[in-house]
Each structure stands twice: as C-alpha cells, then as structure tokens.
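Q: Could you take me on a close look at the enclosed spaces inside this structure? I would like to see what lines them.

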Amino acid sequence: MEYFSSDHREVFARFRSSEAGLADGDAEKRISEYGFNEIRSSKRNAALRIFASQFTNFLIVILLFASGLSFFLKEYLEGVGMLVIALISVSLGFIQEYRAERAMEALKKLSAPTARVLRNGNESRVPARGLVPGDVILLEAGDIVAADCRVFEESNLEIDQSTLTGESMPARKSVQKCRKGAAVDEQSCMAFMGTVVTNGKGKALVTSTGMATEFGRIAKSLEETEESKTPLQVKFEHMARRIGFAVMGMIALVFLLGLSQGSMPFTSMLIFSVSLAVASVPSSLPAIVTIGLAMGANSLAKKNMIIKKLPATESLGSVTVICSDKTGTITRNQMTATKIFFDGSVVDVTGVGYRPDGQLKFPKNFSGKGLDELLSIGVLCNNAKLLDNHEVIGDPTEGALIVLAAKARVRRKKGISFFQENSFDSERKMMSKVFVNEKTEKHEAYVKGAPDVLLKYCSRIFSRGRVRKMSWKDRELIEGINNSFAEGSLRVLALAYRQVSPKRRHEIKDVERDLVFYGLVGMMDPARKEVRKSVRDCMDAGIRVMIITGDHPATAKAVAEQVGLLSRNDIVVTGQEMDKMSDAELERDIDSIRIVARALPVHKLRIVNALKHNGHIVAMTGDGVNDAPALKKSDIGIAMGITGSDVSKEVSKSILADDNFASIVNAVSEGRNIYDKIIKSTRYLLSCNLGEIVTVFFSIALMMPLPLVPMQILLMNLLTDGLPALGLGYESPENDVMKRPPRNPKERLFSNEMIMVTAFFGVIMGLGTLFMFNLYLSEGIGVARTVAFTTLVMFEMFAVVGSRSLHPFSKLNIFDNKWLACGVIASISIQVAVVYWQPFQAFFQTSPIELADWIRILVVSSLGFFMMEFGKIIVARLGRSAPSAARAVAPPQ
C-alpha cells in the first residue's frame, strides 16, 4: 500500500488506528510485531570488542612474548607467572573500559530522542524507539521526526528534508494525498524519519519504523562513525609515546650494561628487561584519560548535565564565559500573571502558581467593559492545557494566561472553530491564531507577542467599549507601562485582535497587521534561589556570566540585579544595538557586555564568535531550532532538557536535564575535578614508574646485584597501575576547585615545577630502595630483594596518598575515599601474602622479614611522601612569585 497516494482515512483503517492514537497495551503488542524504532548497528558486541582490543596493547604483546620465551627456555615458573599477570592486566583493563563504555551507553539512553504521541487520546512523551506503526505523533517547529508518517492535520507545516533528499529549502507539507509512484521529494503528505520541522505544527500517523523507514533503507551510509578523540586524549597519547621512547632507550641501556657486567645470562637479562619495560612504559595513560572522561560524564549526569560527546567533559573545566538564557535557567519558568494593563488602567492580580485561586483587584472607576475579550485573546492564542491537578502541559507563559482567565471566570469562547496558526518564532516574536466564527463565518485573528514589536503592527485600540484609532499619546502610555512592568522584573505580553477576510490560507503578513490593541499582561517569573550563590561561585572561579534573552532589557536587568550579576561597569545592550556594531566593535566591547536583551539567535552566534576571537572558552545555552548554529559553534553547547527542541539537543554536546543555571555551575566544578583527577593519576603513575627505573639503572651503574626479579617488577606494576590508581578516579573535588582561574586548554599538561617534583620523588624512591637493598645484602640476596621489593611497594602506597591533593599535607585520611582505601589495603595485603605465604614465596622469590624490617621500610618510604609534600609547597611559592604564562587570565567581573 502506498501511504502517500492513499487518503489518510484509508491509512488509519490499514493500521487499525484513529486520530486519538493507540491504546498503551496495543502499542506494546505492536513492538513485538514490528520491533523497536531504531536503526540497527552493524558494530559487533561491545564486550567482545573491548576484550579483544586489550590484546592489541603493545606491552601486553611484549609480555606474552616474554612468557612464550620463558616456556621455550624451560623457565616454566616465570612463564606461567608472566602469563597469569598478562591475563590479570587484560582483565583489569577490560573491566575498566567496559564500565566506561556502559557509562557512556547509559548517557546515550538518557539523551535519546523522544516523541510526543497521542495514546488513549492523551498527549504524552515517549522514547522514540518505542514508536510503532499506528501511533499518532504531534509535530511542531524544532522537532526531529521520529519515524516515517502520514500527515493528516497541519498548520503551516514545513520540514527540512535536506538530509534525505538534498533539497535546500524546507518542504511544505499537506494533508492531500499525492499521485501514485511519487518520488520521496514529491511526497508532500509524508514526514520522514530524521528530518527537521522548521515551521508550523501538525499531526501524523506513523506508517514505518526502524529499518523499514527511508533512512533505514540506507542504514549502511548512516552507520555511526567512531567517536573522535578529545584534545586531552591526543595530548596524553603524544606524551605517553614520548615517555615510552625515552623509557625504551633507558631499558636498552640497562640491558646492554647488564650484559657487559655479566649481571645475568643473555636470556635472563632479556626477560628482565622486557619485564622492566612492561612495568615502566606508561601505556595506561591514554586509557586513564578515556576512562576518566567517561566516568566523569557519568558523574555529571547525576548532577543533571548529560554529556553527549566526551570533548564536552574536558571543555567544562576550561570554561571562561557562560552565556545563559534567562527564562527557565536563571528564573524558575513558573509564570504567574500579576498585572494587567487595560483601557488606561492597571489591574493587580493575586495568587501564585497555576491554581486559579486568586482574584483581580480593579482600581476605582474601572468599568471593565471588554476585559473578558482581552482575557479570551490570551486563551485562544494559546496551545497550553491546564489539567485538573493544576499542572500545565505546554509553555508556562501560555499556561499563566489560561490561569489568569480562570481567575476572572472567563472560559473559552463557544461558536468558533480553529482555522490556522502562525506559530511563535524568535524572529517575529509574535504568534497568531485564526478562528472561524460559526455564526457570521468571519475569520478572526487573535495575536500575542512582545509589546515593543506587536505595537508596531497596531493601528487601532480598544478603549471605553469601542475600537478607535490609536494615537501617539496611546503609544507613549503603553510603552511607559511596558517599561514600568519590565523594571519590576515582569515578563510582558501584548494582546491584540483583528478580523481578516476569509481565505483558504492566510499569510502571516496579512494577519499580523492593522491590529486592534487590547492590553498588556505582566507575568512574574521569580529567579531561582540557588542562582545567586552559583553566580558568586562563577565570579570566584574567574568565570564570566552573560544573560542573552529575548525579553525586555529592563526585565533582564532587574533579574540580573536580583541574582547579583550586575556591577557598575557592566553594559546592557539590545539586539538592535548590536546590529549597529561591527564585528571589530563587538569584539572590543564584548568583555564589558553583561546582558543582551531582545536578542535573536543570530546575535547568539555573533556573541560566540566575538568571545572566541578574544580567547574565551564559551558555554552557550539554547532551546530553539534557530539556536543550533550558536550551540554548534560554542566550545560546549548546552541544550535545555525540559524546554529544548529536538534540534537543539541533537547539535549540542550536552543537555541540561533540569534547565537550571546552578546545574551548569555544578557541572563546571565537576569538569575541573575530572581534569584534576586525571592529572593526579598521571603524576602518581609517572613518579612510581620513574622510581622503578632509577632503582634498576643505578643498581647496574653502581655494579650492584639486580634488586628485583622479573616477577616482582610485574606484580608491582599490577599493584600500582591497578587498584590505587583506579581509586584516585573517585576523589572528591579540592576545596578551591572553584576558587582558581579557568585552565587554559592550550597549556602544557605538566608545568616545569610539576615535572621537577615528579622527577624528584622518583629519584628519592629509587635511591631509598637501593639504600635498603644495600643495607640488607649481607643477610642474603633473597632477603635484600624482598626488602627492596617491599620498600618500592610502600613508596607507591605513600605516593598515592600524596597524589590525592594538589595542595601540601591535604586529604591525608584515605578512608574519605573508600575506593582508594580498598585499593591500598588490597595492595598491601597482596604484598604481605607474597612475602609470607610459601607458595607465593617460591613464585616471586621472596623471603619472610621481621617487624623491625617493616619499621625501617616504612620510615624510609615515608620520606618520599614528605619530599612530595614539601615539593608542592615549593611549586606553590614559585607559582605565586612567577605565574605561568600559560595560565588563563580571569576575565573582568
């Protein structure tokens, strides 16, 4: 059956559905028949792919080679040991990467597209994958069509089909059936999966889902490309590669020196060198970054910031400017009409929220004639619904108009039927609906919009019970009232009306002109209580906050003052004023501009470009389809999770689940902590790996016996790179995480001072271990190696405690971090077992040691901890006396 060449009533019959939609139970049954509405991926099982990828790690390959070589040389004990450690390393790597993969998959589900459907006659929002043929879906500007469907009701519905057909202009949709055999781009009564609604609204019957859609038929070309690596991942990979080459050079030198001195036979020295290479090359650095970013994204989701792309996790910690919407982000988006301007008088309205319990307080000598008509305009030019439980479905502003009418006991007009809607858009800042009067058959237009815009299209005014020509005095009075409402933090709407000549279709320009002005409605949208603290936190963190809003400048300024955002030198500009500025002028003034009012989406894009030109890292919020360019251009585009359109969510790197500005600031704090944790883990691993190399290198250089055997080196690498390093990934933020200026993403991963501290600890660790080894040599090589092995392990345990904080002698109680505490306890327990349990003694060539030996080991190894902490003090003093040129400069507040 060709759905596009059939009447929509026939298509309804084909799917046993109706305009009220399916019943929930019927929809569930159809999923088993048609399957989920999703494009199937050809990617193989994630678990198997991750497990197999562990064996592509170069050092795992080397370790397996060394194990095979040991078996070939009949060194069965070492061969088995290396094989076991290789498998344990593979297992740990698999577990960590699989958890990270699962975390990202969970985030994808949180940000998965949804669709508005009619089920049992009631509107609801369901995951797009749950749509089935026979469902009725609702479409409006900004939606991404979730399945192929037959349009059966529309009002100025236009859809961008360029991703499917290559058409440069949006396609106008119609209810009328098409000719048989029509091509996809000719099927004007069909809406296709993945296309974007750019204008109007409509209802459509789902005809095909998943692989049966037009997109499904070209699924191979839609196969999701592999996620590109973040700049931080690339930096760490380059660093790991450079360090790896340097370490391999050192290992080669150790091998040659060992051979020349006869420390071991050739084959034994080869196995020893391979083991040292596996333990010392920081091959896990890129994985630490990937896992850190993925697990960080999971933490951010718990704070209402859903990360769609890993680079956003990294960018959050570097943000210097947050460009935020006002309504719903800075404010609660819980509108309550508190004032009406009608017929020259201001009427106060009581009550809060969506309960119609308040009343209208009329001034003296107020006739009120025609007020019902004003309130009716607000009800008719409206798409919201007020439920019996006093909740609003739809736009809160429109909900407030319905509640206002209910307080005045004004109900929806009877005897009129809906004819056409001209939806609100950010360019016009107006909305109109045309109804047909069933008695007179006249067409009546009801209009609402921003007062300063709508007033330009008004030529008449309703006054004292009749319509008359609007005078300049009337305009001045209306503008003055509008300004006074806005200065009182009210969001203001103007309401108007006109009769239009009957036509099959009304053009916007013919409807929204020569209007009759009826009045103004001022609505209170209180600022969120938590925003004031969040703004203060941003100032402390060197992050600048801008408000970009479509509201009146006085309203935006009043709200900004409520949350402590405005200071003496801050500039408030309007979109019209910005239009008069050249790009060079905007770049010059942008750091002083705090509020942009009456802004259009094109202004957001110019703001992003100007800020980025001045070197800022920009976070931009947006909810509309026209915000997409600015969201894509910004360093981290943040779509609104509640009010955001499908298009804004699709192009952004993150989604703000609760639309709350405070959640953005919390996410920035977590983003900084994620970067800190990655740096802490890296510094810990590098200092410990360096300590192991220094121990072996100097023992050979000083012509001493080798202080370690291959199995000890490999176990130590497992204990170090595994459990404690993993525990560092669960560290809580530093107390000053939002007290420092933003990080410059172009700066080096490690400053010269930090490299010095890391190297210093590695040298102290190596020399301290050699000191203990030499001290016990007289008691036999077995005891000396056990002491050296245990000393290195304890150095590493102290190092992980020192790595918990970037500040000296801070966060010393490891039990604050249960994962780290478990890692340290497990590592020490394994070391004790290796030293005292006979099967392990033979395997790792250890000997039991006395309590006094443990005390000496702890004294020497703790020196490394104190040296690291004193090193932090030196770094802090150097940083204060000569700030790094790479550090980001805090923008003016």
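A: Happy to: here is a walk through the cavities, followed by a short look at one helix and one residue.

A word on the basis comes first. This is a predicted model, in which local features need pLDDT of at least 70 and side-chain atom pairs count only at pLDDT 80 or more, while totals for chains, interfaces and linings use all residues. Residues are numbered from 1 along each chain as its sequence is written, and side-chain values use heavy atoms, with hydrogens and water left out.

Rolling a probe the size of a water molecule over the atoms shows where empty space is left. Here a cavity is a set of points, on a 1 Å grid over the protein atoms alone, where a 1.4 Å probe fits but cannot get out; lining residues have an atom within 4 Å of a point. Grid points are joined across faces, edges and corners, and a volume is the space filled by probe spheres set on the points. Searching the whole structure this way gives three cavities of 30 Å³ or more.

The largest cavity has a volume of about 80 Å³. Its lining includes Thr114, Arg116, Arg125, Ile137, Asp143 and Asp646. Strand S1 (114–119) and strand S3 (136–140) are the elements that give two or more residues to this lining; strands are DSSP runs of E, at least two residues, and helices runs of H or I, at least four, numbered from the N terminus. By class, the lining has seven nonpolar, one polar and four charged residues. Nonpolar covers Ala, Val, Leu, Ile, Met, Phe, Trp, Tyr, Cys and Pro, charged covers Asp, Glu, Lys and Arg, and the others, Gly among them, are polar.

The second largest cavity holds about 40 Å³ of space. Among the residues that line it are Met335, Val349, Gly353, Leu404 and Lys407. Strand S10 (336–342) and helix H13 (396–407) each supply at least two lining residues, and H13 gives the largest share, four. This lining divides into six nonpolar, two polar and one charged.

Now to the helix. In H29, the buried residues (under 20% relative accessible area, 1.4 Å probe, protein chains only) include Leu820, Val824, Gln831 and Val835. The buried residues of H29 fall within an arc of 165° seen down its axis, so they line one face of the helix; the arc is that of the directions from the helix axis to the C-beta atoms.

Last comes Tyr3, in the segment before helix H1 (8–14). Tyr3 counts as buried because its relative accessibility is 16%.

Technical notes: Buried < 20%, exposed > 50% of the residue type's maximum accessible area, 1.4 Å probe, protein only. 1 Å grid on protein atoms, 1.4 Å probe; cavity = no way out; pocket = protein on both sides within 12 Å on 5 of 7 lines; lining within 4 Å.
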